[in-house]
Amino acid sequence: MVAEGDTLFHGTGLCLTCHGADAKGLPGLGANLTDSVWLHSDGSYDAIIHQIETGVPANVSTSGTAMPARGGSSLTDDQVKAGAAYVWGRR
């Protein structure tokens, strides 16, 4: 599941576009996903799934840039879970 999430993060999931290839975030875009600071959830696996599913509105985002639901991609529920497993394992 983590390996599939890695592939999705760096491919069709579009995550690296804002969070960077190393998941450490890009200034003005996506947050660092490798540290212990969670800006919009408690960082649990289930919370990460929810965050990917729902996204983050621009007016709530600390960067002012919205994270669209499912990262703006067409990830399936199982792919969201795999992506969340990858992100959860990076911290």
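## Order of the elements

Start at the N terminus and walk along the chain: the elements come in the order α-α-α-α. That makes four helices and zero strands. Keep in mind that what you're looking at is a predicted model.

How compact is the chain? Its radius of gyration is 11 Å, close to the 12 Å that the globule rule gives for 91 residues, so the chain is as compact as a globular protein of that length. Along the principal axes, the C-alpha atoms fill a box of roughly 30 × 25 × 25 Å.

## Inside and outside

Of the chain's 91 residues, 32% count as buried. Now take the contacts between residues at least 6 apart in sequence: 49% of them join residues at least 24 apart.

On the outside, the accessible surface adds up to about 5,000 Å², and carbon and sulfur atoms account for 58% of that. As for charge, the chain carries 5 positive and 9 negative side chains. The centres of these two sets lie 4 Å apart.

## A closer look at helix α1

Helix α1 covers residues 2-9, and its buried residues are Gly5, Leu8 and Phe9. Look down the axis of α1 and these buried residues fall within an arc of 100°, so they line one face of the helix. Here's a handy bit of background: an α-helix has 3.6 residues a turn, so residues three or four places apart point the same way.

What covers the buried residues of α1? The cover includes α2 (16-19) and α4 (77-90). Turned away from the buried side, the other face of α1 carries the exposed residues Ala3 and Thr7.

Note on methods. Residues numbered from 1 in each chain as written. Predicted model: local features only at pLDDT ≥ 70, side-chain atom pairs only at ≥ 80, totals over all residues. Heavy atoms only, no water. Helix = DSSP H or I, 4+ residues; strand = E, 2+ residues; numbered from the N terminus. Rg over C-alpha atoms; globule rule 2.2 N^0.38 Å. Buried < 20%, exposed > 50% of the residue type's maximum accessible area, 1.4 Å probe, protein only. Contact = heavy atoms within 4.5 Å. Areas by Shrake-Rupley, 256 points an atom, 1.4 Å probe, with all protein chains shown as cover. Lys, Arg positive; Asp, Glu negative; His and termini not counted. Charge placed at Lys NZ, Arg CZ, Asp CG, Glu CD. Arc of directions from axis to C-beta.
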